[in-house]
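Trainee: I should like to discuss the ligand site and one helix pair. May we begin with the contacts to the ligand?

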Amino acid sequence: MFTTTLTYDSYEPATEGLREALTSTGNGYICTRGAAEWEDPGASHYPGTYTHSGFNRETTIVAGRAVLNEDLVNLPNWLVLKLRVEDGEPFRLAGTADVLEYRHEYDLATATVSRFVRFRDPAGRETSLTSRRFVSMSDRHWAGIEWTITPENWSGRLEVITALDGRVTNWGVARYQELEGRHLDPVVPRTFGPEVIGLKVRTRQSQIHVGQAARTRVLDLDGQPVNVARELYQMEDYIHQTISFSATEGEPIRVEKMVALYNSRDHAMSEPLTTAGTVASRLPTFAEAFTRHQRAWSELWERCGVEVGDDEVQLRLNLHIAHILQVCSRHTAELDAGAPARGLNGEAYRGHIFWDELFIYPFLNYRLPEVTRSLLMYRCRRLDEARAAAADAGYRGAMYPWQSGSDGTEETQVVHLNPRNGQWEPDLSHNQRHVNAAICYNIWQYYQATGDIDFLSRFGAEVLLEITRFWASLATFNADRGRWEINGVMGPDEFHEKYPGSDEEGLRNNAYTNVMVAWLAHTAGQVLAALPVRRRRRLWDSIGLTEGELEHWAELARLMYIPFHEDENGDAVISQFEGYEDLEELDWAAYRSKYGNIQRLDRILRAEGDTPDRYKLAKQADTLMLFYVFSDTQLAEILGRLGYGYEPDAARRNIGYYESRTTHGSTLSYIVHAHVLARFDPDRSWEMFRTALDSDLNDVQGGTTAEGIHLGVMAGTLDLIQRGYLGTEGNGELLRFTPRGVQKLAGQSMTMRFRETVLKIAIDHERLSVSRVDDSPTLIWIAVEDSIQEARPAQAVEFTLQS
Ligand code: BGC
């Protein structure tokens, strides 16, 4: 069953920010928060619009120190549409009238935001207003707002103010408000005939020109133009038209604001404002544009829908799919775009690209692989920058930044504000070099799912080999141990930046990092072997690879050091990093009772003058990441190659140790824990999965979602179904399923793309069936446990599941 609507039926100023983030309208090119058109930015409302790679750098002086930050720029507000009844104040939800009825709805099937409001003004006039708005999934530069206004108990004059507002700044995240938020300079406002207003602005440093144009029409219910008077007002960074007309009691009137959005990075245009103006003049009606939009979404759902037999879960999964597609759609595939951790509907993390790709791509790989390919290209295009970063730090190969923006330089802030004590504290998180392992893992996974040898040989392999080379030059040999080590880095757990009291940044031998490097050092050889001979030779020459390097890599695959220590029962667990066992235990009960929510223990401890570095605690899954990225079989193979044993209960033992020491200060952590638990504790896993499902919808971190959705978690919940519970693993021509927690999965179906084939997967309590619905000549096999069957075009294979 397809649950499609999110409904809020009262106006709550305190949670409006969250609802605005959750009800955004976007198409993978541009995305706008679900703010009401008539509300100005303020304490409760933040009408932000963002586009991929729309970055700008500005410097702020913080405590005498110049701090440079790159932000995803809040673009001019194209929403502005205000309603004035007779000579009253323009309507707002708070203060200008009595709100008699209010509803805010979000149609997940088409990412369309609607509001219905009925209000009584101080003169006793009652008016109802229905608003619908979308950003077109079919035509990426189009957007539309439709209003239906009905004077309920009066006749008289109505005024609609339709504007494009370039006076916006970035101030959506309270923590960043001391930092420079002005990113736009005015260029010019202008009109295109009587109906179309236009505005052009430019980002101050990156010089991206942004052009917007809006055509506003007033129509009767038959779609016939109503007689209106228009008055224009314009400033260098703002333009509006006031449109006035008479309205009759009980007779609905429609207003359509059709908008064209361009910037100077777009294709097939001359100059963004001229193009926007021309396009806006030609735009079809709202209804026609909306039909095209609906069609594009329904095709996307056919590809990307994941059906489960549980309404509540379904609603949340649908919400997540709707958001993923607003950031990563076919339109994205034509841009130079990365996957921003917080989507395109808020300013948290400044729109930067992190390792969260690792959680996002598995969903896309099997549905919209062309989109993953283009997102991976974002990394490939920044290879030279990563090479320069490695060289500057004294290493070989390529070192990608922890946070990436426009050109691939390191964008991680050097200081961050602790909201608990108002102090600016040093930020060492750029030492999370593990992002470099994630990029390679993503390239390899994409290749496994698609068999796209063209991408691998032209782009992916070079990145992967250069990153391997970087790790190899970072690793040092410890002769006493007879093993290779990596020191001075951080793992995914951001609470541990260094050893307590040490002046040196980073930690020794983060297990996750070291195992990833061992995996990569081995996989690099497989990548080379997969390349066509001539390409392999050319690449070998162009990056100056040597036999000696390959031997070194092979040694890393056999001799990386992995630290272990004993848990409370004397059983071996993987140490998060070397020396972890010497840290102090935290008095968890005391902190819970003192602070309640301790997800951000780092801020709490620092505000107390202490540091999380001292304790055995973690913001998020770190060691457990190993059981997330690798199956038991793969881990046994990697650790076996390294000469460490892998016992069948390793996952259970490690999660037993780390779960009680993890605060889930990053919601990504729930995904990882749920995934690991799926192996042996389906009920507990499902609980974690449900927490992850609720994390944005219910804003479990208390305020973060309003600043942008968590794309990794959203995609991660879908991947939990796909990889965690269905146990999907693509390897060569073989697609394996290892279903776990089958009871919970019953009634599930989805479509997957695997190596150019299209597969419809369905699972109930007893059976898993795979119907192949393409007619490509590609040969593939499906495996469930010990049974392997060839999946032929237009045929189905079925497997009986062991309960
Ligand atoms: C997490 C990181 C993540 C980042 C962006 C942080 O809170 O600790 O792992 O990459 O958020 O989502």
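Trainee: How far is an oxygen atom of the ligand from an N or O atom in the side chain of Lys-619?

Mentor: The model is a predicted one. A polar contact requires N or O atoms within 3.5 Å. For the side chain of Lys-619, the separation from a ligand oxygen atom is 2.8 Å.

Trainee: Which residue has a side-chain N or O atom 2.5 Å from an oxygen atom of the ligand?

Mentor: The residues surrounding the ligand include Trp-355, Asp-356, Trp-402 and Glu-494. Tyr-349 places a polar side-chain atom 2.9 Å from a ligand oxygen atom. The distance of 2.5 Å belongs to Gln-620.

Trainee: What share of the ligand's exposed area does the protein bury?

Mentor: The reference is the ligand taken alone, which exposes 310 Å². Of that area, the protein buries 94%.

Trainee: At what angle do the axes of helix 5 and helix 6 cross?

Mentor: Glu-357, Tyr-361, Leu-364 and Asn-365 of helix 5 meet residues of helix 6, among them Leu-375 and Arg-379. This contact comprises six nonpolar, two polar and two charged residues. The crossing is left-handed. The two axes come within 8 Å, and their crossing angle is roughly 150 degrees.

Note on methods
Residues are numbered from 1 along each chain as its sequence is written. This is a predicted model: local features need pLDDT of at least 70, side-chain atom pairs count only at pLDDT 80 or more; totals for chains, interfaces and linings use all residues. Side-chain values use heavy atoms; hydrogens and water are left out. Axes are lines fitted to C-alpha atoms, for helices over the stretch in contact, and angles run from 0 to 180 degrees between N-to-C directions. Helices (H or I, at least four residues) and strands (E, at least two) are DSSP runs, numbered from the N terminus. A crossing is left-handed if the near helix is turned anticlockwise from the far one by less than a right angle, and right-handed if clockwise. Contact means heavy atoms within 4.5 Å. Ala, Val, Leu, Ile, Met, Phe, Trp, Tyr, Cys and Pro count as nonpolar, Asp, Glu, Lys and Arg as charged, and the others, Gly among them, as polar. A residue is near a molecule or strand if one of its heavy atoms lies within 4 Å of it. A polar contact is a pair of N or O atoms within 3.5 Å; within protein, one must be able to donate a hydrogen and the other to accept it, and residues adjacent in sequence count only if both atoms are side-chain atoms. Accessible areas come from the Shrake-Rupley method with a 1.4 Å probe; for residues, only the protein chains shown count as cover.
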